[in-house]
Amino acid sequence: VGLGTFAPVTDEQLRQGALHSERYRIDAATARRLNAAKRQGRLIIAVGTTVVRTLETAAHGRASLGRAASRRHSLRAASGTTDLFIRPGYRFKFIDGMITNFHVPRSSLMMLVAAFVSREELLALYQKATRKKFRFFSFGDGMLLSA
């Protein structure tokens with residue numbers, strides 16, 4: 001996880017459509033296991049937004065037509081950096097869900113979650129979490145989101 005994860009999104013990042021970079025590595029055995037699970041119709045649940053960015057960066061295949069088309073994509077073994085900016089309008093290629101925290105407002109992480117569930121649903125989740133006195137941010141409570 002890079003320090004940029006915790007910084008508010010800048011106007012420049014919005015214009016360029018790219019974020020801070022984070023290093024990742026997916027070995028061949030892991031790619032094979034995840035591809036096999038996907039072929040079997042099992043859900044791929046990423047734990048954390050860095051894992052979401054990693055899996056989406058390493059996914060390839062035909063253009064995504066939404067979550068239903070995610071089985072057309074496969075994961076390749078890879079390592080490097082990703083500056084993938086997942087925000088509303090993004091079409092997920094590989095993941096079917098995620099476990100993540102309740103994030104800081106104006107962060108790229110909230111935008112990523114909003115891309116998965118919609119801005120309206122995200123705001124409703126945060127209102128419910130506030131009413132129930134959930135803890136927010138990196139060491140707070142988490143949520144499971146699935147398609």
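**Note on the predicted model**

1. K133 is exposed, with a relative accessible area of 70%, and this is a value computed from a predicted model. The residue belongs to the loop that runs between helix 5 and strand 7. Although K133 is not a glycine, its phi is positive, at about 60 degrees, so a reader going through the backbone may wish to pause at this loop residue.

2. A second residue with a positive phi is S118, which is likewise not a glycine and whose phi is near 95 degrees. S118 sits in the loop between helix 4 and helix 5. Is S118 buried, partly exposed or exposed? Its relative accessible area is 28%, and S118 therefore counts as partly exposed, since that class covers the values between 20% and 50%.

3. Turning to the interior, the largest nonpolar core holds 31 residues, and within it V52, L55, F92, I95 and M98 touch the most other members. The elements that each give two or more residues to this core are strand 1 (18-26), helix 2 (28-39), helix 3 (49-58), helix 4 (108-117), helix 5 (119-131) and strand 7 (142-146). Helix 4 provides the largest share, with 7 residues. As background, nonpolar side chains in soluble globular proteins tend to be buried together.

4. I95, one of the core residues named above, can be followed through its contacts. When neighbours within four places in sequence are left aside, I95 is in contact with I44, A46, V52, L55, E56 and F116. Among these partners, V52 and L55 are also listed with I95 as core residues that touch the most other members.

5. Strand 5 covers residues 78-84 and includes A78. A78 has a relative accessible area of 16% and is buried, because the cut-off for that class is under 20%. Beyond residues up to four places away in sequence, A78 touches Y24, R25 and I26. The C-alpha atoms of A78 and A58 are separated by 6.6 Å, while the two residues are 20 apart along the chain.

6. T82 is also in strand 5, and at 3% relative accessibility T82 counts as buried. Which side chain makes a polar contact with the side chain of T82? The partner is the side chain of T57, at 2.6 Å. Without its neighbours within four places in sequence, T82 is in contact with H20, S21, E22, Y24, R53 and T57, and Y24 is a residue that A78 touches as well.

Technical notes: Residues numbered from 1 in each chain as written. Predicted model: local features only at pLDDT ≥ 70, side-chain atom pairs only at ≥ 80, totals over all residues. Heavy atoms only, no water. Helix = DSSP H or I, 4+ residues; strand = E, 2+ residues; numbered from the N terminus. Buried < 20%, exposed > 50% of the residue type's maximum accessible area, 1.4 Å probe, protein only. Contact = heavy atoms within 4.5 Å. Core = buried A, V, L, I, M, F, W, Y, C linked by side-chain atoms within 4.5 Å. Polar contact = N/O pair within 3.5 Å; in protein donor to acceptor, adjacent residues only side chain to side chain.
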